[in-house]
Amino acid sequence: SVSFTGIDSTYETYVFMLNNVVPASDGVQLLMRTSTDGGSSFDSTSGDYDTRSASINNGGSFESSGSTSADALGLSYGSSNLGSASGESASAIVHLFQPSNSSLFTTMSYTGVGILNDASARSQFGSGARMATEDVDAVQFLMSSGNLESGEINMYGVVKS
């Protein structure tokens, strides 16, 4: 997994750029979790997150998935899973909104593309929320099973105006 700490009230929105993230294991999902203790632990209990995603599969059909009782925010790619073979990876832009505002649920949205374990490209978009009125001061990107093999993830703060 990859963790980012130092999220605070300096910015109302944080943006994460995921570039060619490759899982170590084939057929897994890309996930994101939040923390309220600086990354010492990450919220991972069923019901911690409400998450939705949608995509167009290689047959041209719309796919959607979601859960009101998730243990992570899904950055999934429809009903198929990410591949780990040569050329397969995921890239996405994730927006994290008002993570320091403890009177609101922290919400996120994302858009991206993945090359799946069936070697097809899949566009993807989705949203979700941490279902607690707590500040979020760290996030973690991980796979549903196994490790991240390679790729780049960068965090940016969006300046308030």
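This section describes the overall architecture, the nonpolar core and the salt bridges of a predicted model.

The protein contains zero helices and 11 strands, and the order of its elements from the N terminus is accordingly written as β-β-β-β-β-β-β-β-β-β-β. For a chain of 161 residues, a compact globule would be expected to have a radius of gyration near 15 Å, and the value computed for the protein, 15 Å, agrees with that expectation. The C-alpha trace extends over about 40 × 35 × 30 Å along its principal axes. About 7,200 Å² of the protein is exposed, with carbon and sulfur atoms supplying 47% of that area, while 44% of the 161 residues count as buried. When contacts between residues at least 6 apart in sequence are considered, 72% of them join residues at least 24 apart.

In soluble globular proteins, nonpolar side chains tend to be buried together. In the present model, the largest nonpolar core comprises 26 residues, of which Phe16, Val94, Leu96, Val139 and Phe141 touch the most other members. Two or more residues are given to this core by each of strand S2 (13–23), S3, strand S7 (90–97), strand S8 (106–115), strand S10 (138–143) and strand S11 (148–158). The greatest share comes from S2, which gives four residues. The surroundings of valine 94 illustrate how separate stretches of the chain come together: once neighbours within four places in sequence are set aside, valine 94 is in contact with Tyr14, Val15, Phe16, Leu18, Met32, Leu75, Met108, Ser109, Tyr110 and Phe141.

Phe141 also appears among the contacts of isoleucine 153, which, with neighbours within four places in sequence left aside, are Val2, Phe4, Met17, Leu18, Val21 and Phe141. Isoleucine 153 belongs to strand S11 and, with a relative accessibility of 14%, counts as buried. The C-alpha atoms of isoleucine 153 and phenylalanine 141 are 8.9 Å apart in space, the two residues being 12 residues apart in sequence.

Charged side chains provide a further set of links, as the structure holds six salt bridges. In one of these, the side chains of arginine 33 and aspartate 71 meet with an N to O distance of 3.7 Å. Arginine 33 is part of strand S3 (residues 30–35), whereas aspartate 71 is in the loop between strand S5 (62–70) and strand S6 (73–74), so that the pair ties together parts that are 38 residues apart in sequence. The two partners fall into separate accessibility classes: arginine 33 is buried at 14% relative accessibility, and aspartate 71 is partly exposed at 35%. In addition to the salt bridge, the side chain of arginine 33 reaches the backbone oxygen of aspartate 71 at 2.9 Å. Beyond its neighbours within four places in sequence, arginine 33 is in contact with Phe42, Asp43, Ser44, Tyr49, Asp71, Ala72, Ala138, Val139, Gln140 and Leu142; this list includes Val139, one of the core residues named above.

Serine 44, another residue in contact with arginine 33, is located in the loop between S3 and S4 and is partly exposed, its relative accessible area being 38%. With neighbours within four places in sequence excluded, the contacts of serine 44 are Arg33 and Asp71, the two partners of the salt bridge already described. Serine 44 and leucine 73 are 29 residues apart along the chain, and their C-alpha atoms are separated by 9.7 Å.

A second salt bridge is formed between the side chains of aspartate 48 and arginine 130, with an N to O distance of 3.5 Å. Because aspartate 48 lies in the loop between S3 and strand S4 (49–56) and arginine 130 in strand S9 (residues 121–130), this pair ties together parts that are 82 residues apart in sequence. Aspartate 48 and arginine 130 are both buried.

Strand S9 also carries arginine 122, and since its partner glutamate 63 lies in strand S5, the pair ties together parts that are 59 residues apart in sequence. The closest N and O atoms of this salt bridge are 3.0 Å apart, and both arginine 122 and glutamate 63 are buried. Salt bridges that share partners, moreover, join Asp43, Asp48, Arg130 and Glu134 into one network.

Technical notes
Residues numbered from 1 in each chain as written. Predicted model: local features only at pLDDT ≥ 70, side-chain atom pairs only at ≥ 80, totals over all residues. Heavy atoms only, no water. Salt bridge = Lys/Arg side-chain N within 4 Å of Asp/Glu carboxyl O. Buried < 20%, exposed > 50% of the residue type's maximum accessible area, 1.4 Å probe, protein only. Polar contact = N/O pair within 3.5 Å; in protein donor to acceptor, adjacent residues only side chain to side chain. Contact = heavy atoms within 4.5 Å. Rg over C-alpha atoms; globule rule 2.2 N^0.38 Å. Areas by Shrake-Rupley, 256 points an atom, 1.4 Å probe, with all protein chains shown as cover. Core = buried A, V, L, I, M, F, W, Y, C linked by side-chain atoms within 4.5 Å.
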